[in-house]
Structure formats: structure tokens, C-alpha cells
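Open the viewer and keep the selection box at hand. This tour goes stop by stop, chain by chain.

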Amino acid sequence: MSDTKTSPIPFAFVAEFENATELYHAAEHVRDEGFKRWDVHTPYPVHGMDHAMGLGKSWLSALVLAGGTTGFLTALFLQFFTQISLYPTIVQGKPANLSTIPAFFPVLFELTILFSAFSVLFGLLIVIMLPRWNHPLFNSELFKKFSDDGFILVIESRNRKFDVEGTRAFLEKIGAKRIEAVEEDPV
Amino acid sequence: MSQTVTNAEHNVHPSDQEGIAREPLVLNNRSMSWITNRICGIVENRQPLIWWILFVPSVLLAGVLGFTLVYLVSTGVGIWGNNQPVAWGWAIVNFVFWIGIGHAGTLISAILFLTRQKWRTSVNRASEAMTLFAVVCAGIYPGFHVGRFWMVWFLAPVPNANAIWQNFKSPLLWDVFAVSTYFTVSVIFWYIGLIPDLATMRDRAVTKVRKFLYGLFALGWRGGNRQWRHYEMGYLLLAALSTPLVLSVHSVVSFDFATSIVPGWHTTIFPPYFVAGAVFGGFAMVLTLMLPVRKLYGLEDMITPKHIDNMAKIILLTGTIVGYAYIMELFISYYGANKFEKDAFHLRILSGHYTWAYFCMFFCNVISPQIFWFAKMRKNLWVVFIIANFVNAGMWFERFVIIPTSVSMDFLPGQWGFYSPSIVEKWMFLGTFGLFLSLFLLFLRFLPVIAISEVKGVLPESDPHHHDWEEIKARRNAAHRG
Amino acid sequence: MANLFPRWTNELPLKAVVCVAALGGIVSGLVAYTATPKYTRVGYMPEQPIPFDHSLHAQQLGMDCRYCHSFVEQSSHSNLPADQVCWNCHGPGKVKPDSPKLQALREAMDESSEDYTGRPVAWVQIHETPDYAYFNHSAHVNRGVSCVECHGQVNEMKVVYHAKPLSMSFCLDCHRNSEKVLRPLDQITNLDWKAEDVDKDAFYAYLADKTGKGVEDLKKADSHKTFDRLLIGGHLKEAWNVHPPQDCTACHR
């Protein structure tokens, strides 16, 4: 079947740009063209790229707020339940009731931070969908440059606007230095 | 495209204005691939001979630590020199010493990140690693000081058949929470920072083992902006969380002393004084490690004289804060009405067993860093290295002065005693240095010592408008000529 | 370069999370069950040198606990009987003197026997208080805590075993809620005692004597309550002014 096709549909086009400025402007063009499944891959986070790509603010902070609140409540419960209802230790003349709360501040603080930090780690991994060790893009030799000094733009074929000839021409028009078509792994 | 250019023309980029141009953070206009090659090269090439010369004795010393710990557990804490009245000897001195050293890493990562001090990028990775290793060394002491090491799980609030719960009103319990939280958060911070660099290592790896291991830990990082934007938010959040954390940890450590009633410990100045001291000692240790590393691996273009200058200034500042605290302690003991406090400080500086230690501390921590008022001295790497080591020693003496001198002679003459460490304690302390150095050398061997992606981000050409401005400048120059 | 990691690795994290969660649940469940005295101590039933049958002696013959464990009311330690106590009944010409089960006793006591060694019977200790915990039997049995609360229904045991966990939380549970276990002093060694057996009138008369309140007032105050263990225990706790210590130094001296 595929032999008869003149141009098989690849997984994506990987295009390299000269520098951050070129990539930034290219991203603006791709955004304006109305593509949905595309991304730029850079060695470091490019300042302002969210705007160029038309992306909003990350909502990871909301997850972390939830995590921190959980930590705070956990510490509150842990301390009040164990120190006041389960096992009140009367030492150093310090009471075991609601007015003990100043002595509970350090642990309240530490657990809030601890749970928040865990929610950053796990929230981040969930939001950016890692770990994902296998990805079609890893088949591309050109793509690998992103972790060194490559400024890479990837447009996936799963875009309504995607067509093999037109998108390649579009990428060339917005200044891509090199373009490579990436195939998916054979299943 | 032209739209953006005209917009940018209205905003004058700081680097365009003459006179306020900042010193570049990476010297000699190094390119991104040069940075990648240089940093990854450390891991990919064979280690220099000096690495092995340092590594072998370090591992042997770490082995001595293991031996002393086995001896300790099998025999009991009686093999240490501490006993009533000085129940807290070198074990706690060294714990506080190492924990203090462990403060620079997160400080550099978090506080300098929040205050947008971009020079942090060249040193944050190594100092975070140093933090972790220092906290590992620190954690050994309280863990084994409990005597019955196999009961150490009693420190954690776990439901148990004894129906015992920890005393949450005790500063020692706060310490457990503070130190373990600090270690965990530091590991998370360090690892999240490492992910993009591990991806770089993965993409450069040649052998199958390296490809697998770096690939495994890079988690399949693809550096897409849809990942970076969350990543940056996560990093910012962690920095914002770690900043109060790093300040809290040494405050809580100081509560171990300050909430007791022992004269010499019972002071409200302790938390800020301990935090300043920790930053002070931490930066000294960063310099002690990074100056040789920089030379050895040819990182002079990334860890520039400016970085060293900045760190020397921080040492000067925090050293002066610590000096203020020392003098204020003395002043309060003179000015206050507490006879025991007065006696404690009289013994500490004039006629006690450990007066010599007090003056060692004062010289190393307060006098010696004052040389950094001179820019020339901050530029001289030998001077910086020697002063940093004075500070390392001075900070150890500070903890020694605070801990045994205060309890060796407190309220009742009947409770007075003298403390000197046993041979086991001395070897154990040396052993923690061995452990610390071996871990650090392994870190140099296997992980990128400088945060590659972050250093790339502070290059001038990393700014997405850099080339626009270059264009504008060229056009302007042409107009002038015309 | 092709992908180093095959496609199935993409599902690995999710699977790993599920497995680790399940494994963590199983392990903590197992530890919580097996690593406590409820599991490690309860049911300990060593073989004794003489297969002494408590159910026979204490239940069928109706002997009091204190006939053998004679110092329990005076001493912190509840003694095992001296061999002479056994010999009182099982001596020559008395109850089953030639039983093969009593071999160890004859070795200890019967000077005329060829097996005589004079070594006391080596009973195996079942209930053991750790060295770091102080426990006083007399303090408990003289204040309304029956043997059965810690040792279980020994009167029904053919072979004695460790019936209760005797962990620290077991101790604390009673020290915090002692009304659950207190009973009239004359019923301490009656292991089958039940609240229903108590003579109401005698009980209230005792309380009135102890507290100085009127019998009728006491009865009236309780008229809407059921006359059960908790009520009896609560009254006794108040009458005897029982305040079990809960601080560390109560037991760890």
C-alpha cells in the first residue's frame, strides 16, 4: 500500500532555525496560522515564548496550593490528634490544649513546605506528561540538537491544517534552516 | 516580523546603553555548543589523575566512618567522650557544622533565583549537590547519637503498639521535621534542575549503558516549550518554597539550644545568628570546592572572577553579621541582670577551659573575612581560598564554643565537668569528610557540574530579541555613517 | 538514532505507581499486623516441665488463684508456687503421687526417690515484664483489677498461654479508662465474674459506706442507667479515688 503513495504522511516535521530570534518569530507565524499540535524545542526556556505560542500561564501553582493546604491540614490533624486527644504529654509545664498551638508552628510550617514540594514534583511530572521514555521525535537526528544548541520547531501531522507539501513549504517560508520528516516507530 | 522590530525599537535594551553594560556572566563569547561540550566533557572524558588521588583516600576515610559506626552501634555511645554534664559533644557540634554547610546550596538556588541574581547559574548545581552531601553527613550524627540505632524510627510519628507519640512541643522533634524536610526538598529541587541536563547527557551518550541510565533519569525530557512553561513555574514555586525553608532549618536547629535554660544557650539572638552563620560557612565551603574544580576542569569562563567576587562579598557580609552577634552576646551578658549568663560568658572568653577555642573562632570568623573589603583581595584566588578555609574552621569552632562550653559549667558547681572527644569521635569526624568528598567526587564524575541549560539561558544571544536588537543597532550605525 | 526505549515503557510509570501503591499497602498492613505484640506474643504456649492443668485445679476443684500464687496481694511480683505447695497435695500417699506427669516434682521433693536431685521444678515463664518497665501486682489486685484482665481466662486453660498483648498501649488503655476493668475487691480472683452477679443492694450499701452518700440517693441517681460493668467500675473508681498514673515515670522509673 505505502509503496504506491508518493508522499507518505510522517508523524511530524522537525524544522531547525538559526537562533532564538528566528524561532520566536517563526512561532508567532505558526500560532497565527492556526496549528494546534506543535511545539518549539529549545536548549533553555526562551523568555516570552509562551506569548509567541499563544499559551497562557501555567496552572501548576493551583496544584501546589492544594498540596500545601493538604500538608498544613495534615500537620494540624497530626499534632492536635496525637498531642491533645491521643497522648497528651504534660511536660515543661506546657499545656496540652488549644493554647499549645505556638509550639506546633514549626511542624505546621515544615509539613506545608514538604507537601508543597512533593506536589511540585509529582504535579509537574503529571502536567508535562513525563516520564515518557519513548517518543517518535527521538527517531530524529535533527531533533536531538535541541539539547545542545538547536532551535527546533515541530509540527505534528495530527493537525487539521497539516498537509505534507503545504506545511513543508510553510516552514521554509518562515525561515527554517533544515527540515526533516519524522516517522513513528513501527508497532 | 517587522511589527516586532518596530516595537522593540521603542524599548531600549539595557545592553545598548553605554556605561551601564554589565560584566558578562560567561566570558570570551562562548557559544552554546562550547558550553555543552565543556561541561559534558568532564563526565565523558577520563578523570584527571588528581581525581583519583583525592578519591581513593576519601573512600578509605569513608570506610573508617563505617567502621566507627559499626563499633558505635555494637558497643554503645559510651565510646564517645561525652558524658554528664556535657552530654552533647562533638556529635552535635559536627551535626550543626554540617547542617550549616548545607545551607549555601539551597540559598544559592532559591534566594538568588527569586532575587534574579543570574550569576547563580554557574554555581548552583554544585552547591546543591554539596548541600545534599553535607546534610547526609549531618544526619549521621543525631541518627547514631540516639544510641540504639535500630530504634531510630521512633523519631517518626508512626502508629505503634506502645501508643507513644512524639512530643511535638520539643525543639528536638522540630529538628527532625526541619532537617528531613530540608533534605527531601533539596533533593527534589536538585533533581528537577538536573532533568534538562540529563537529557543533554542522554543525547550525547555513546555507550549503551550511558544512554540507558541518562535516558532513564532524564525521563524522556523533550525540551518543548509546552514542557518548559510548566517546568519554569515548578522551579519558581520550589524556589519560593525553599527560601523560607532554608531560613527555618537553622532557626529550628538553633531552637535546640535557645529554648533550653542553659546560660549561654538561652538567647533570642540565636536564630538569625545561626542562619547568618550557616550561609557564611556554606559559601566558604562552596568556594573551597569550586575554586579547585574550576581550575581542574577549565571552567574559568563560566565561573568567572565576578562569581568569586560576589561570593566573597557575601562572606564578608554574613561574617560581619556573625561578628555583630558575637559582640551582642557579650554585651547582653554584661548589660543584662542574669548572673549565670554573665558567668557563662566570663568563662567563655576569659577563664574557662575553652577560651582558646573562642579566640580561634573570633579570629577566623570575624577578623579574617574583613580582608575582603579590598577588591584586590577578592580577585586573588589564593587569598579567597585561604580565607574560605579559615571560615570553615572558624564555623566549626563556633559550634564547639557554643555547645560544650555552655554545658560544661552551668548553674551548680557540682555539675561542672570537662569534655574532650575520644579517638572514635575524632576518626568519625574525619570519616564524614571522607564521605562528603567521595560523594562530591562521584558527583563530578557522573553528573554535569554546572547547570547547562541555565547557563545557556543567561547568554546574551539567548534573548529572543537579541538578533532584533543587533539588527536595529546595525541599522542605526548605518544611518550615522550615512 | 532509533528510540532506545521501546514503546511499552511509556506505560511503565502508571503501572509502577499502581504496583508501588499496592505493595506499600500490603507491606504496611503486614507490618501493622505481625510486628506488634498482638501477633508476636499472644498465643505463646511453651511446654512446661509438669503439664499443670489450670482448668482442673481452678475450675473443677475450685481452688483460688492465691492458693498457689500466694504473694500476689503483698508483693509487686506474683510468685510461682514453691514445690512444697504442690507437694502438700501430691506428696506420698496423697493425690496421684505416682503419676508420671509429676516426675519433675518428685525429682525436686521426694528424697526417697532414686531420681531425687533437689532441683526445683523449672517452670517456663510466659508473661514477662521488660526490665525497663515497673509493674506492681499488689497495686493492681488490691484496687479492683482482676487477674483475668491481663492473663485471660486461665481457669479455662488446660495449658497456660499468653492471652493478651500486654503491650504498652494495652497498659495505657486501662490507665486511661480504668472504669472499664474495676470490680468489687472480693471478686478479684473470680475469673468468671459478671456484672449481673452483683447484688445491687449490697453494692450500693458498700458505696454509701465508702462515699458517705445515702443509699437511696445513689440508687435514684442511677435509676435510668443500666446496671453494667461500666457503671460499677465508674462508681468504684470514684469511691476508691483511683487515678492511674499516665506519665512516663509511672512505669519507666
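Helices (H or I, at least four residues) and strands (E, at least two) are DSSP runs, numbered from the N terminus. The model you are looking at is predicted.

**Stop 1: chain A, the whole chain**

Select chain A and colour by secondary structure. Five helices and four strands appear. Read from the N terminus on, the elements go β-α-β-α-α-α-β-α-β. Now consider the overall spread. The radius of gyration of chain A is 26 Å, while the globule rule gives 16 Å for 187 residues, so chain A is more spread out than a compact globule. Along the principal axes, its C-alpha atoms take up a box of roughly 85 × 40 × 30 Å. Of the 187 residues in chain A, 42% are buried. Count the contacts between residues at least 6 apart in sequence: 82% of them join residues at least 24 apart.

Switch to colouring by confidence. Chain A has a mean pLDDT of 88, with 95% of its residues at 70 or more. Then select residues 1-6 of chain A, where the pLDDT is below 50. Beyond near neighbours in sequence, this stretch makes one contact in the model.

**Stop 2: strand β2 of chain A**

Select residues 38-41 of chain A, which form β2(A). Is each face of this strand covered or not? Both are covered. W38(A) and V40(A) sit on one side, D39(A) and H41(A) on the other, and all four are buried. Add residues 151-156 of chain A, strand β3. β2(A) and β3(A) run antiparallel and are joined by four bridges. Pick out H41(A): its bridge partner in β3(A) is I152(A).

**Stop 3: where chain A meets chain B**

Show chains A and B together. How many residues of each chain are in contact with the other? The count is 59 residues of chain A and 59 residues of chain B. On the chain A side, the elements that give two or more residues are α1 (20-33), β2 (38-41), α2 (49-53), α3 (60-86) and α4 (101-127). Highlight α4(A), which supplies the largest share, 14 residues. Colour this side of chain A by class: 34 residues are nonpolar, 17 polar and eight charged.

**Stop 4: chain B, the whole chain**

Hide chain A. Chain B has 18 helices and zero strands. Does its radius of gyration agree or disagree with that of a compact globule? It agrees, because chain B has 25 Å and a compact globule of 482 residues would have a value near 23 Å. The C-alpha atoms fill a box of roughly 90 × 55 × 45 Å, taken along the principal axes. Buried residues account for 46% of the 482 in chain B. Among contacts in chain B with a separation of 6 or more, 82% come from residues 24 or more positions apart.

**Stop 5: A218 of chain B**

Zoom to A218(B), in helix α8 (residues 208-218) of chain B. A218(B) is buried because 23 other C-beta atoms lie within 10 Å, and the cut-off is 20 or more. Leaving out residues up to four places away in sequence, A218(B) touches I195(B), L198(B), A199(B) and R202(B). Draw a distance from A218(B) to T200(B): they are 18 residues apart in sequence and 8.7 Å apart in space, C-alpha to C-alpha.

**Stop 6: chain C against chain A**

Bring back chain A and add chain C. Nine residues of chain C are in contact with eight residues of chain A. The side of chain C that touches chain A has five nonpolar residues, three polar and one charged.

Note on methods
Residues numbered from 1 in each chain as written. Chains lettered and ligands numbered in written order. Predicted model: local features only at pLDDT ≥ 70, side-chain atom pairs only at ≥ 80, totals over all residues. Contact = placed C-beta atoms within 7 Å. Nonpolar A, V, L, I, M, F, W, Y, C, P; charged D, E, K, R; others polar. Buried ≥ 20, exposed ≤ 12 C-beta atoms within 10 Å, placed from the backbone. Pairing = 2+ DSSP bridges. Rg over C-alpha atoms; globule rule 2.2 N^0.38 Å. pLDDT = per-residue confidence, 0-100.
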